[in-house]
Amino acid sequence: MKLSARNQLKGKVVSINNGAVNSIVSIDIGGGNIITATISCAAVEELNLKIGSDAYAVIKATNVMVGIDE
């Protein structure tokens, strides 16, 4: 898989919450970090995503928010 996005984080699917149109997929990328994405139910099916599947969180954004602990 070749992509122009620089942020490609490999991990394991730890949860899939299916809705009517979209699903919320959580990927454990290690170190106690979990990336969560909302994708279509059709994409979950096409990618054959299951809990325990290897998957990549691919992040390409023009805006990035920054926050701090209070």
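**Entry 1: the elements**

I began by listing the secondary structure, and I found one helix and four strands in the protein. I note at the outset that this is a predicted model, and I keep that in mind for everything below. Reading from the N terminus on, I wrote down the order of the elements as β-β-β-α-β. For the overall dimensions, I looked up the box that the C-alpha atoms fill, taken along the principal axes, and it comes to roughly 35 × 30 × 25 Å.

**Entry 2: the sheet**

Next I asked in which order the four strands form the sheet. The order is S3-S2-S1-S4, in an open sheet with antiparallel pairing. S3 and S4 stand at the edges with a single partner strand each, so one side of each has no neighbour in the sheet. The twist from one strand to the next averages 45 degrees.

**Entry 3: strands S1 and S2**

I then went through the pairing of S1 with S2, where S1 covers residues 7-18 and the two antiparallel strands are joined by six bridges. The connection between S1 and S2 is a hairpin that passes through three residues. To place the register, I noted that lysine 12 stands opposite aspartate 28 in S2, and that asparagine 17 stands opposite isoleucine 24, also in S2.

**Entry 4: strands S2 and S3**

How many bridges hold S2 and S3 together? I found eight, again in the antiparallel sense, between residues 22-30 of S2 and residues 33-40 of S3. Along this pair, serine 23 stands opposite isoleucine 39 in S3, while valine 25 has alanine 37 of S3 as its bridge partner. The hairpin of S2 and S3 has two residues between the strands, and there I marked glycine 31, which takes a positive phi near 65 degrees.

**Entry 5: a second positive phi**

I also looked up asparagine 48, which is not a glycine and yet has a positive phi of about 55 degrees. Asparagine 48 belongs to the loop that runs between helix H1, residues 41-46, and strand S4, residues 54-59.

**Entry 6: three residues looked up one by one**

I started with glycine 11, which is found in strand S1. Is glycine 11 buried or exposed? Its relative accessible area is 9%, and because buried means under 20%, glycine 11 counts as buried. Leaving aside residues up to four places away in sequence, I listed what glycine 11 touches: Ile27, Asp28 and Ile29, together with Ser53, Asp54 and Ala55. I also checked glycine 11 against glycine 52, which is 41 residues away along the chain, and their C-alpha atoms are separated by 9.2 Å.

I turned next to threonine 38, in strand S3. Threonine 38 has a relative accessible area of 56%, and because exposed means over 50%, threonine 38 counts as exposed. With residues up to four places away again not counted, threonine 38 touches Asn22, Ser23 and Ile24. Between the C-alpha atoms of threonine 38 and asparagine 18, which are 20 residues apart along the chain, I read a separation of 9.8 Å.

The last of the three was cysteine 41, which lies in helix H1. I recorded cysteine 41 as partly exposed, with a relative accessible area of 21%. Not counting residues up to four places away in sequence, cysteine 41 touches Gly19, Ala20, Val21, Asn22 and Ser23. The C-alpha atoms of cysteine 41 and asparagine 17 are separated by 9.6 Å, with their positions 24 residues apart along the chain.

**Entry 7: the chain as a whole**

I closed with the totals. The protein has 70 residues, of which 19% count as buried, and it exposes about 5,600 Å², with carbon and sulfur atoms supplying 52% of that area. What share of the contacts between residues at least 6 apart in sequence joins residues at least 24 apart? I found that share to be 42%. On charge, I noted 6 positive and 6 negative side chains, and the centres of the two sets lie 14 Å apart.

Note on methods: Residues numbered from 1 in each chain as written. Predicted model: local features only at pLDDT ≥ 70, side-chain atom pairs only at ≥ 80, totals over all residues. Heavy atoms only, no water. Pairing = 2+ DSSP bridges. Axes fitted to C-alpha atoms, helices over the stretch in contact; angles between N-to-C directions. Buried < 20%, exposed > 50% of the residue type's maximum accessible area, 1.4 Å probe, protein only. Contact = heavy atoms within 4.5 Å. Areas by Shrake-Rupley, 256 points an atom, 1.4 Å probe, with all protein chains shown as cover. Lys, Arg positive; Asp, Glu negative; His and termini not counted. Charge placed at Lys NZ, Arg CZ, Asp CG, Glu CD.
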